[in-house]
Amino acid sequence: MILWFRNDLRTHDNPALHYFLTRPNSEITRKAFFFVSEKQWIEHDWSEIKIDFIKRHANALVSELAELNIDLELVLVPDFTAQVTFLKNYCDTNKIKEVIANSELEFNEQQRDSNCLAQGIPLTLFEADVIIPKGKVLNQSGAMFKVFTPFKKAWIKYIAAHGFDYLGKVNTTDASPCNVNNVQQIENSNTSAAWPLAKEYESTALISFFKDKITEYADYRDIPSIKGTSGISPYLAAGVISPRFVLFSLLHRFPDLLLATDSKEFSWLNEIIWREFYRHLMFHEQRLCKHQCFNQKYQSLSWSNNPITFNAWCEGKTGYPLVDAAMRQLNQTGWMHNRLRMVVASFLTKHLLIDWRLGEKYFMQHLIDGDLASNNGGWQWAASTGCDAQPYFRVFNPIRQSERFDPDGSFIRKYLPELESIPAKHVHFPHQYIENQQLALYWPPIVEHKTARLQALAFYK
Ligand SMILES: Cc1cc2nc3c(=O)[nH]c(=O)nc-3n(C[C@H](O)[C@H](O)[C@H](O)COP(=O)(O)OP(=O)(O)OC[C@H]3O[C@@H](n4cnc5c(N)ncnc54)[C@H](O)[C@@H]3O)c2cc1C
């Protein structure tokens with residue numbers, strides 16, 4: 001028996017690893033693989049920062065598994081086809097009877113696993129990316145919910161009735177003596193160095209978020225100049241922290257949380273349930289992996305896709321300070337605040353009438369937390385083409401959003417130093433002020449809000 005790591009580079013609450021370690025010694029080989037498939041990753045639009053983050057965790061896991069006397073080999077192969085070929089040869093040569101792994105949600109990954117089985121690779125899959133197994137939260141007709149709130153209620157009810165599996169940490173003291181020599185490491189760019197490894201995040205930032213910040217989450221989660229959110233998304237997206245561990249820790253601190261859905265702390269769990277919603281949805285609707293609108297009536301919208309305005313959006317040069325500061329946050333750090341993701345996605349699709357799929361791709365290519373299900377869900381929500389999306393006639397006013405969520409302009413000034421000297425009153429849309437002062441600091445707006453809004457309404461109608 002061998003172990004195959006994929007989007008689950010962790011020892012903590014890893015069902016495949018747990019199964020592997022609880023088999024009799026005679027059945028297992030103490031050999032594990034992780035495929036470094038850069039060609040495939042780039043085809044899937046993974047950003048450089050995300051790839052670096054994954055490589056750092058792969059390197060760390062090699063050392064951690066060596067302590068459990070498991071030899072994790074990092075195999076450089078270009079793509080999924082090469083992964084299957086490698087495994088087939090390895091299994092045949094070494095007479096492997098079982099390959100243990102955790103399942104992956106996305107269509108190409110599932111195709112790869114089907115190819116493995118078709119070629120006779122004895123693959124056994126567990127599930128490690130959600131709290132409640134996908135396919136278990138269903139409406140009365142036995143189908144997936146199409147609206148978040150009833151899904152959330154059913155999700156809570158399921159946990160109340162069945163609990164959830166949490167396997168905990170692996171006990172290293174039980175491990176057999178370590179025979180693994182030459183701990184292998186792969187090169188990485190260190191572009192993600194600002195994000196500590198999962199083990200450190202779990203024991204420091206996450207604990208202090210639960211202790212000091214979660215009660216204020218509802219008040220500050222929409223203010224991009226304040227660090228009011230958890231910053232856990234890269235870890236969940238890369239599978240290096242288990243969502244079940246997150247719920248376990250949360251309930252340990254707030255035991256009655258599932259009964260207190262109006263509490264401030266619950267508002268954070270609510271977001272974790274949104275993550276579950278989008279993953280369960282993608283499980284039922286695999287067409288979402290293939291660039292289709294959830295709401296098929298929008299499939300044939302003829303987007304303008306103007307390359308000039310698209311580039312201005314990408315580079316943070318739209319002339320709308322909050323949109324531009326947000327895009328520069330993404331370009332400079334590989335992460336963007338949730339409120340801003342909503343604002344820039346609305347601006348791209350509704351003000352510029354550019355296909356949400358171009359924005360979705362750009363996000364994936366730049367985010368450290370790029371995740372197909374959440375990204376697709378977020379983009380289709382903003383573009384009004386999605387499941388339980390915002391209605392098409394809701395068009396965020398980027399100036400009003402800026403006044404509400406960055407009232408003194410401190411977030412804007414952080415990423416647009418050219419607006420440093422503009423008074424708070426004018427920073428949300430500084431063009432008139434700049435003209436009066438005869439300054440030439442900033443880009444003129446690429447569209448006029450009121451006109452763009454009317455165009456969007458006509459377009460969707
Ligand atoms: C257009 C758009 C694109 C997005 N793309 C991604 C993406 O590629 N990867 C990603 O992880 N999230 C994505 N999100 C969701 C959300 O913006 C991020 O999860 C959040 O900003 C991450 O910061 P945090 O960990 O500090 O969040 P917190 O506010 O601390 O939330 C905790 C966790 O809950 C989950 N969560 C929060 N909000 C959402 C949401 N709206 N949908 C699904 N799960 C959520 C995330 O796992 C997040 O880490 C997107 C949202 C939008 C509107």
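The shell of residues around the ligand in this predicted model divides into 12 nonpolar, 10 polar and six charged residues. Of the 28 residues around the ligand, those that come nearest are Thr229, Ser230, Ser233, Asn375 and Gly378. Several helices take part in this shell, for α10 (233–238), α12 (264–284), α15 and α17 each supply at least two of its residues. Among the contributors, α17 gives the most to the shell, with six residues.

The shell can also be read in terms of domains. The domain assignment of the protein chain gives domain 1 (2–126), domain 2 (130–168 + 198–284) and domain 3 (296–460), and the shell around the ligand draws at least three residues from each of domain 2 and domain 3.

From the ligand, the view can be widened to the two domains themselves. Their centres, taken over C-alpha atoms, are separated by 27 Å in the case of domain 2 and domain 3, and where the two domains meet, 16 residues of domain 2 are in contact with 17 residues of domain 3. On the side of domain 2 that touches domain 3, α10 and α12 each supply at least two residues, and α12 gives the most to that side, with five residues. By class, this side of domain 2 has nine nonpolar, three polar and four charged residues. The helices α10 and α12 thus appear in two settings, since each supplies at least two residues of the shell around the ligand and each supplies at least two residues of the side of domain 2 that touches domain 3.

The other two helices named for the shell, α15 and α17, pack against each other. Two packed helices are described by the angle between their axes and the distance between the axes. Helix α15 (residues 338–351) and helix α17 (residues 372–382) pack at an angle of about 55°, with their axes 8 Å apart. An angle that is neither under 35 degrees nor over 145, and that lies outside the range of 65 to 115, counts as oblique, and α15 and α17 are therefore oblique to each other. In this arrangement α15 passes α17 in a right-handed crossing. The contact is made by Arg341, Met342, Ala345, Ser346 and Thr349 of α15, together with Gly378, Trp379 and Ala382 of α17. By class, the contact of α15 with α17 has four nonpolar, three polar and one charged residues. Gly378 links this packing to the ligand, as it belongs to the contact with α15 and is also one of the residues that come nearest to the ligand.

Conventions
Residues are numbered from 1 along each chain as its sequence is written. This is a predicted model: local features need pLDDT of at least 70, side-chain atom pairs count only at pLDDT 80 or more; totals for chains, interfaces and linings use all residues. Axes are lines fitted to C-alpha atoms, for helices over the stretch in contact, and angles run from 0 to 180 degrees between N-to-C directions. Helices (H or I, at least four residues) and strands (E, at least two) are DSSP runs, numbered from the N terminus. A crossing is left-handed if the near helix is turned anticlockwise from the far one by less than a right angle, and right-handed if clockwise. Two residues are in contact if their C-beta atoms, placed from the backbone, lie within 7 Å. Ala, Val, Leu, Ile, Met, Phe, Trp, Tyr, Cys and Pro count as nonpolar, Asp, Glu, Lys and Arg as charged, and the others, Gly among them, as polar. A residue is near a molecule or strand if its C-beta atom, placed from the backbone, lies within 6 Å of it. Domain bounds come from an automatic or database domain assignment.
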